[in-house]
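This report describes one protein chain and how its parts are arranged. The sequence and structure come first.

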Amino acid sequence: MLSVYFIAGSQDCRHLPGEPTENLLTILQRALEAGITCFQFREKGEQSLACDPQLKRRLALKCLQLCRQFQVPFIVNDDVELALSIQADGIHVGQKDTAVETILRNARNKPIIGLSINTLAQALANKDRQDIDYFGVGPIFPTNSKADHSPVVGMNFIRQIRQLGIDKPCVAIGGIKEESAAILRRLGTDGVAVISAISHSVNIANTVKTLAQK
Ligand SMILES: Cc1ncc(COP(=O)(O)OP(=O)(O)O)c(N)n1
Ligand SMILES: Cc1nc(C(=O)O)sc1CCOP(=O)(O)O
Ligand SMILES: [Mg+2]
C-alpha cells in the first residue's frame, strides 16, 4: 500500500489553468490509472476548501469514489470527523493532531492509521504500537508543498530508523522526486509519498512508473 503514495488537495492543483477541484480529480484519475498504491486527501491551507466543510466533503467523496474504482486505499489527512463520516479507509495524523486513542474511540471499525515521524525519539516511542499501521517519515528534503514543515531529516534518516531495529512500515515524504525514490527504497523505506512530483508532473504515467522502481 505504501509503495507510491500520492497526497493532494485542490490547493496543489492551482498552477494549472481551470478549476482546481476539477484539476485534482483529473490528476487523481491519471495517477490511479498509472498505478499509485494509496491516496491521501489533504485539503489544507489558505488556498484550499478547508474553510468550507460542505465543499470539502463533496470533493472528498468524489476522490473516494475514484479510489474505490481502482481499489486503492483512500486516507484522509487530519480531519477525523470527515474520515469516519465517509468511511475512508484510513486517517493520517501528525504529532500535534488528534491522538490515535481518540480516533480509535470514535471509530466503529479500525481504520488504517498513519503517524508522522520527524525524530528518532518519535520513532522509538511509537515503534511497538500495534494501532499505528505506518510511519510517514520526513521531510526528507526541503518542500514547497507544506508551509510549516518540520526540520529536514535527510535520506540517511531512513537508514538510521532501520539500524535501530524499527520495523514499522515507513513511507518517506518531503521533496521526493523521481530520482531519489529508488535510493530511499534501498535505504529501507517501504514507499514514497509525494505531492508535487505527481501534481506538477507533465507525464504522470512515467512519473508513477519511475517512483515505483526498485
Ligand atoms: C504520509 C504522510 N506523512 C506525513 C504527513 C504530514 O502530516 P502532518 O505532520 O500532520 O502535517 P500535515 O500533512 O497535516 O500538514 C502526511 N500528511 N502524510
Ligand atoms: C504533507 C507533507 N508532510 C511532510 C512531512 O515531512 O511531514 S512534507 C509534506 C509535503 C510533501 O510534498 P512534496 O512531495 O511536494 O514535497
Ligand atoms: Mg496533520
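Where does Arg-42 lie with respect to β2 and α2? Arg-42 is found in the loop that connects β2 (38-41) with α2 (53-69). The model is predicted, and the chain has an average pLDDT of 98, with 100% of the residues scoring at least 70. For the complex, the predictor reports an ipTM of 0.99 and a pTM of 0.99.

**Annotated binding site**

An unreviewed UniProt entry carries the annotation "binding site" for Gln-40, Phe-41, Arg-42, Glu-43, Lys-44, Asn-77, Ser-116 and Lys-146. Two of these residues, Arg-42 and Asn-77, can be described further.

Is Arg-42 buried or exposed? Arg-42 counts as buried because 22 C-beta neighbours fall inside 10 Å, where the threshold for a buried residue is 20 or more. Beyond the residues within four places in sequence, the contacts of Arg-42 are Ile-7, Ala-8, Gly-9 and Asn-77.

Asn-77 belongs to strand β3, which covers residues 74-77. Asn-77 has 21 C-beta neighbours inside 10 Å and therefore also counts as buried. When residues up to four places away in sequence are set aside, Asn-77 touches Gln-40, Phe-41, Arg-42, Lys-44 and His-92. Of these contacts, Gln-40, Phe-41, Arg-42 and Lys-44 are also in the "binding site" annotation of the unreviewed UniProt entry.

**The barrel**

How many strands form the closed barrel? The barrel has 8 strands in the order β1-β2-β3-β4-β5-β6-β7-β8, with parallel pairing. Neighbouring strands of this sheet are turned against each other by 25° on average, direction ignored.

The table gives three of the strand pairs, each with one pair of residues that stand opposite each other.

| Strand pair | Sense and bridges | Opposite residues |
|---|---|---|
| β5 (residues 112-117) and β6 (residues 134-137) | parallel, 4 bridges | Leu-115 and Phe-135 |
| β1 (residues 4-8) and β8 | parallel, 3 bridges | Phe-6 and Val-194 |
| β7 (residues 170-173) and β8 | parallel, 3 bridges | Ile-173 and Ala-193 |

Ser-116, one of the residues in the "binding site" annotation from UniProt, has Gly-136 in β6 as its bridge partner.

In a regular strand, side chains alternate between the two faces of the sheet. In β6, Tyr-134 and Gly-136 are on one side and Phe-135 and Val-137 on the other, and all of them are buried, so that both faces are covered. In strand β8 (residues 191-194), Gly-191 and Ala-193 point one way while Val-192 and Val-194 point the other way, and all are buried.

**Nonpolar core**

Which residues touch the most other members of the largest nonpolar core? That core has 58 residues, and Phe-39, Ala-172 and Val-192 touch the most other members. Helix α1 (residues 20-34) gives the most to this core, with 6 residues.

Apart from residues up to four places away in sequence, Ala-172 touches Val-137, Gly-138, Ile-140, Ile-158, Leu-184, Thr-189, Val-192 and Ala-193. Among these contacts, Val-192 and Ala-193 point in opposite ways from β8, and Val-137 is one of the buried residues of β6.

**Annotated domain and chain ends**

UniProt (unreviewed entry) lists residues 4-198 under "domain: Thiamine phosphate synthase/TenI". The span is 37% helix and 18% strand, and its end C-alpha atoms lie 10 Å apart.

Ser-201 lies in the loop between α8 (196-199) and α9 (204-212). Ser-201 counts as buried because its C-beta atom has 21 C-beta neighbours inside 10 Å. The C-alpha atoms of Ser-201 and Ile-27 are separated by 9.3 Å, although the two residues are 174 residues apart along the chain.

Gly-154 is placed in the loop between β6 and α6 (156-163). With 13 C-beta neighbours inside 10 Å, Gly-154 counts as partly exposed, since a residue is exposed at 12 or fewer and buried at 20 or more. Gly-154 and Lys-56 are 98 residues apart in sequence, and their C-alpha atoms are 33 Å apart in space.

Technical notes:
Residues numbered from 1 in each chain as written. Chains lettered and ligands numbered in written order. Predicted model: local features only at pLDDT ≥ 70, side-chain atom pairs only at ≥ 80, totals over all residues. UniProt positions renumbered as here; feature names shortened; annotations may be inferred. Helix = DSSP H or I, 4+ residues; strand = E, 2+ residues; numbered from the N terminus. Contact = placed C-beta atoms within 7 Å. pLDDT = per-residue confidence, 0-100. Pairing = 2+ DSSP bridges. Axes fitted to C-alpha atoms, helices over the stretch in contact; angles between N-to-C directions. Core = buried A, V, L, I, M, F, W, Y, C linked by C-beta atoms within 7 Å.
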